Amino acid sequence: MGLRSFARFLKSLIILNKDVSTSRGMLYPRDSETREVRSLDGMWNFVPSDETNPTQGIRDQWYKDDLNKVREVIGMPVPASYNDITTEQSLRDHVGTVWYDRKFFVPRSWAKDQRVWLRFGSVHYEAFVWVNGELAVKHEMGHLPFEAEVTHLLKYGSENRITVMCDNALIQTTVPQGKISEVANDNGVSIVQSYSFDFFNYAGIHRSVHLYTTPKTFIEEVEINTDLANDNSLGYVYYTISVNGSAANEADNALYARVQLYNREGEQVANATSDAKLSGMLQVEKVKPWWPYLMHPDPGYLYELEIELHAANEELLDVYRLNVGIRTLSWTNTTFNINGKPVYFRGFGRHEDADVRGKGLDYALLTRDFNLLRWIGANAYRTSHYPYSEESMQFADRHGIMIIDECPSVDTENYNQALLGKHKSSLEQLIHRDRNHPSVVMWSIANEPRTQQMNADTYFQFVATFTRSLDSTRPITAAIAVPSSEDKAARYLDIVSFNRYNAWYSNPGRLDMITKRVIDEATAWHKKCNKPVIMSEYGADTLEGLHLQPSYVWSEEYQTDLFSRHFKAFDALRRQKWFIGEFVWNFADFKTAQTYTRVAGNKKGVFTRARQPKAVAHLLRKRYFALGREMDQCSFPDDLFTYIAEPSESGKHDSTDL
């Protein structure tokens, strides 16, 4: 290596902690006295680009006219992943760009004294959006929302066209990472997307698309923090409001906000008028704190916060409402507490994944999933391995399900400056979006990063420090898969989470090699870091309906035995106090890239992909409710135990003996 080449090599190893741009706006679209929301969900026109010519549509300006004038279009539902909608293999495995468009009307009334915004809940991975042939917005980072003002681009009282180009290509500087290569096939060359993460790279317009109006001067940001006092009988809600104004006579006015808090019955329990900085505090007597599921008879209690923005002459400018859960979080080197009470996490890793719709938002599926979470007695899940829909966060708020909120950094490696910038940007967008959700109790900054590699120490120090600068009220974790002796990142976390597949990827079939190994590894993490420890993934692939006795890999009996051996380790660790949670991998079976190690996807689910329980779900349900009763004094569901026989008086037992 020459001197210049060596100098370039050294320069590539240096990572600097540069600033990233920050998000603005992005409040969830809600109707009010001053706002109107319209959905653009439904059937859109769709065209895939040629894989070998992904930029043709840009060069030929497909966005200047209807797509059906440049290519034959097909119907494509929004929201949904496009991959599994048709019967075409080429579309399922498509790499590169695809195009959507649709027509819509804007009423004439929207042209008067207001602004109009176009908002996407998620487009994976990169999106370019045109309105009536003019570029409105571009955004990189799947699974996160973006928006743009389109007031000046619309035709009021007539028809408009929206065009979207979506690019699913992942490279070494995207989050998550991937590689694109050209591989010879029988007819020439194929463009191949490869990635190391173990879930299918679904793409498309995954979440809802909305048009919404605001006044010319409007509430752009709301940031909420809460606290409890007097043995949780007194609550505090701290609010900060940011305003965006386009009308000089309004923006220059002295503005103030009237803030009112309502309980579940619609009764006002607190009110205040903000100071000139549009911030302040509400005090709530006899407060009802937000509690996780099974930690309280009434979990997930939410208040409604109503914000009225006024000009100095008392003119009402804007109204926005959002739900607020009042709770506190705290943590030490051995515990995690909510409202002053220690928490033991019992939950899942999950995926936004379902047959046909892929990662597309589906309220029926979302409702089913939360019913299953409550049925099985879980109190938490991790949004593995990307931000989930805003609607799912709202469900978690209402159901009292705690969320470890994870950014899209999965299997991260080859640390470099460009990757660091996008990693930090993904966290900034995530925290900006989810900071007001009481269900969000922890930030996860990565899943299974290669933290033994060069530069991992500096890289994750920068990422963790940046995350704390955005929100210091929640602890930081990451799901680490490398051994504790090799890891360079856990020292920067508040809570250490580790993934390990004993008797599956390690020593498959050896159920006698689980319990001690789990205890030893968790102990090693705590000894090294002196922090609380969670086992964030364990499990085994299981083909539903496969029964083998004695148990054998892939059978339902094997999954049940493997879980039981883990339970024994967890109970031994719980006595050490610093072990604070167990997360199954996975909630439900999900699709992956094609490989001979996967039978139609990853089968580690406790539930099938159709959301039906495997045998292990009933075992796990008994454990989660038993833990709930031991720690939080919850009651058992009536159907938890199946009647077997009436015992004799001399040896009478009941469910309390379990």
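## Helix 10 and its surroundings

The buried residues of helix 10 pack against four elements: helix 9 (515-529), strand 31 (533-537), strand 32 (579-584) and helix 11 (615-632). Contact here is heavy atoms within 4.5 Å, and buried stands for under 20% relative accessible area, with exposed over 50% and partly exposed in between (1.4 Å probe, protein chains only). Helices (H or I, at least four residues) and strands (E, at least two) are DSSP runs, numbered from the N terminus.

A quick word on the model: it is predicted, with local features needing pLDDT of at least 70 and side-chain atom pairs counting only at pLDDT 80 or more, while totals for chains, interfaces and linings use all residues. Residues are numbered from 1 along each chain as its sequence is written, and side-chain values use heavy atoms, leaving out hydrogens and water.

Back to helix 10, residues 556-574: its buried set includes Tyr-558, Leu-562, Phe-563, His-566, Phe-567, Phe-570 and Leu-573. Glu-556 and Arg-574 are among the buried residues too. The helix has 19 residues, which should span 27 Å at 1.5 Å a residue, and its end C-alpha atoms are indeed 27 Å apart. That expected span is 1.5 Å times one less than the number of residues.

## Helix 7

Helix 7 covers residues 417-434, and its 18 residues reach 26 Å from the first C-alpha to the last, close to the 26 Å expected at 1.5 Å a residue. Most of helix 7 is covered, with 14 of its 18 residues buried.

Have a look at the start of helix 7: a side-chain oxygen of Asn-416 comes to within 3.2 Å of the backbone nitrogen of Ala-418.

## Glu-406 and its neighbours

Glu-406 belongs to strand 27 (residues 402-406). With a relative accessibility of 0%, Glu-406 counts as buried. Leaving aside residues up to four places away in sequence, Glu-406 touches a set of residues including Thr-383, Ser-384, Tyr-386, Pro-387, Leu-430, Ser-444 and Asn-447.

Two side chains make polar contacts with the side chain of Glu-406: Arg-382 at 2.7 Å and His-385 at 2.9 Å. (A polar contact is a pair of N or O atoms within 3.5 Å; within protein, one must be able to donate a hydrogen and the other to accept it, and residues adjacent in sequence count only if both atoms are side-chain atoms.) Ile-476 is 70 residues from Glu-406 along the chain, yet their C-alpha atoms are separated by 10.0 Å.

## The sugar binding domain record

UniProt, in an unreviewed entry, puts "domain: Glycosyl hydrolases family 2 sugar binding" at residues 37-215; such annotations may be inferred rather than shown by experiment. The end C-alpha atoms of residues 37-215 are 13 Å apart, and the span is 47% strand and 4% helix.

## Two open sheets and a hairpin

One open sheet has 6 strands in the order 3-2-4-10-7-8, paired antiparallel; strands pair if DSSP finds at least two bridges between them. Strand 3 (74-78) and strand 8 (134-140) each have a single partner strand, so one side of each is left without a neighbour in the sheet. Strand 2 (residues 42-48) is joined to strand 3 by 5 bridges, with Gly-42 opposite Val-78.

The other open sheet has 4 strands, ordered 1-14-5-9 and also antiparallel. Its edges are strand 1 (37-39) and strand 9 (146-149). Strand 5 (residues 114-120) and strand 9 share 4 bridges, and Arg-119 faces Glu-147. Elsewhere, a hairpin links strand 11 to strand 12 through 2 residues, and 7 bridges hold this antiparallel pair.
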